[in-house]
Amino acid sequence: MAPLTCRRSSVTLSGEPISDLIQLAALLMQTSQEIMLRWRTQIRALPSARHLDVPTLNDHIPGLLGELADALKAGSHESIPEALGSSSPMAHGLQRVQDDFDIEEVVAEYNVLRGCVHDLAVEHGITLQGRPFHIINRVFDRAIGLALQTYASQRALEVRRRREDYLAFVAHDLRTPLNAIALVGRVLEKTVPELDTSGRTAQMLKALRRSVLQLESLVSKVLDENSNLQAENGLCLERRGFDLWPFVEALIQDLNPLAGTGSTSLINRVPEDLVVWADANLLRRILQNLIANAIRYTPRGSIIVDAALDSDGVVECSVADNGIGIPQAAIERVFDKGETDALSPSGMGLGLAIVKTFTEAHGGTVSVESTEGSGSIFRFTLPAKPGVIA
């Protein structure tokens with residue numbers, strides 16, 4: 001391409017001839033495709049850019065050339081900020097996080113473009129001194145600053161999210177063995193003291209219980225904080241594989257006081273070798289609500305928690321009672337938010353609505369069968385772990 005020429009104007013801006021500014025602005029607009037081709041050829045040498053298609057690689061760079069041309073035409077310090085679009089470099093920083101660029105590559109692509117503009121000026125006999133040099137550097141430095149600001153912020157957010165996910169992972173994995181230890185401790189506290197005349201074993205068991213309670217409190221704080229973050233960011237499941245029998249057994253031990261002394265029995269019929277793939281925190285809320293609901297309507301009788309694995313790897317859990325049952329007219333509304341009954345007018349009607357919400361969040365379904373005077377059975381499903389069939 002032959003260099004563009006134009007007569008130099010005698011008009012000056014703070015001592016600088018403005019013809020260089022106008023000529024370079026015109027060149028940028030007329031040769032933008034050529035500049036982009038040069039830029040892409042060099043940027044392809046960056047490891048993270050090799051696999052990107054042209055639109056993704058270009059991103060906001062063509063628009064930046066237009067902003068630079070506008071800044072050159074404006075030709076003053078005061079007009080440059082108005083000529084630049086602050087949102088495009090910021091969006092570019094976020095895009096490069098998604099493209100797995102490192103921070104050096106983000107800086108490099110702007111500096112490569114700066115070099116392409118410099119080469120264009122030299123080829124067309126424009127000397128980049130004074131005002132043109134200052135404007136070009138200010139535009140690129142500002143774009144680099146904005147892109148790096150959002151890039152660094154997004155990276156920091158991802159690091160924090162990974163740390164939170166890791167803490168939640170550890171907390172979920174710790175809770176299952178802690179539940180088992182607590183369960184064994186409670187059983188030993190009931191049986192060993194009868195054989196221990198010195199009282200030493202009882203003291204050790206109490207120390208064990210205190211330690212387990214402290215660990216459970218720490219784990220709960222981590223899980224509660226993670227739940228708060230999930231509430232702020234929307235419901236997000238943290239699925240893990242864990243044994244269901246000790247999980248249910250520990251929950252039954254915690255809820256036994258609600259059932260009264262011997263008036264209502266809680267029975268765990270979950271197979272001892274059954275493993276579920278679920279969010280332990282949400283599953284606990286599901287079972288807590290179903291068991292507590294069954295206790296409320298079974299003043300004397302039994303409540304059975306059961307589960308079974310089908311051939312597709314889906315787990316169906318159930319909570320059955322032989323209590324007073326649910327009127328047929330109310331069955332269709334039991335999972336509706338705010339639905340209460342005459343026996344529990346003070347309730348907010350949220351328990352079974354939570355069960356439905358959390359079950360469906362897992363991708364499962366929930367249902368109920370009931371006969372007045374004979375009891376109810378609530379069932380919910382937990383889909384199989386992806387890629388696993390029993």
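Where is the place of aspartate 59? Before I come to that residue, let me say what we are looking at. This is a predicted model, in which local features need pLDDT of at least 70 and side-chain atom pairs count only at pLDDT 80 or more, while totals for chains, interfaces and linings use all residues. Residues are numbered from 1 along each chain as its sequence is written, and side-chain values use heavy atoms, with hydrogens and water left out.

Back to the opening question: aspartate 59 lies in the loop between α3 (54-58) and α4 (61-74), where helices (H or I, at least four residues) and strands (E, at least two) are DSSP runs numbered from the N terminus. Its phi is positive, about 45 degrees, although aspartate 59 is not a glycine. As general background, most residues other than glycine have a negative phi, and most peptide bonds are trans. Aspartate 59 is partly exposed, with a relative accessible area of 31%; here buried means under 20% relative accessible area, exposed over 50%, and partly exposed in between, with a 1.4 Å probe and protein chains only.

Aspartate 100 likewise is not a glycine and has a positive phi, of about 65 degrees. The loop that holds aspartate 100 runs between α6 (87-98) and α7 (103-123), and at 56% relative accessibility this aspartate 100 counts as exposed.

For the protein as a whole, there are 13 helices and nine strands, and of the 390 residues 42% count as buried. Among contacts (heavy atoms within 4.5 Å) between residues at least 6 apart in sequence, 74% join residues at least 24 apart.

Let me turn to a helix pair. The axes of helix α2 (residues 32-43) and α7 come within 10 Å and cross at roughly 135 degrees, axes being lines fitted to C-alpha atoms, for helices over the stretch in contact, with angles that run from 0 to 180 degrees between N-to-C directions. That makes α2 oblique to α7, since angles under 35 degrees count as roughly parallel, over 145 as roughly antiparallel, 65 to 115 as roughly perpendicular and the rest as oblique. On the α2 side the contact involves Ile35, Arg38, Trp39, Gln42 and Ile43, which meet α7 residues including Val112, Leu113, Cys116 and Leu120. The residues of this contact of α2 with α7 divide into seven nonpolar, one polar and four charged, where Ala, Val, Leu, Ile, Met, Phe, Trp, Tyr, Cys and Pro count as nonpolar, Asp, Glu, Lys and Arg as charged, and the others, Gly among them, as polar.

Now the sheet. Five strands form an open sheet in the order β4-β6-β7-β9-β8, with mixed pairing; two strands pair if DSSP finds at least two bridges between them. The edge strands, each pairing on one side only, are β4 (264-268) and β8. Neighbouring strands of this sheet are turned by 15 degrees against each other on average, direction ignored.

At the β4 edge, β4 runs parallel to strand β6 (residues 301-309) and is joined to β6 by five bridges, with leucine 266 standing opposite isoleucine 303 in β6. Helix α11 (residues 280-296) packs on the sheet, touching β4, β6, β7 (315-321) and β9, and the direction of α11 makes about 175 degrees with that of β9.

Strand β9 is mostly covered, seven of its eight residues being buried. β7 and β9 pair in the antiparallel sense over seven bridges, and valine 319 has phenylalanine 378 in β9 as its bridge partner. On the other edge, β8 and strand β9 (residues 375-382) pair in the antiparallel sense over six bridges, where isoleucine 377 in β9 is the bridge partner of glutamate 369. These two strands form a hairpin with three residues between them, and glycine 373 in the turn has a positive phi of about 90 degrees.

How do the side chains lie along β8, and which are buried? They alternate along residues 366-371: Val366, Val368 and Ser370 point to one face and are buried, while Ser367, Glu369 and Thr371 point to the other and are not.

I will end with phenylalanine 242, which sits in strand β3 (residues 239-243) and, at 6% relative accessibility, counts as buried. The C-alpha atoms of phenylalanine 242 and aspartate 279, 37 residues apart along the chain, are separated by 9.6 Å.
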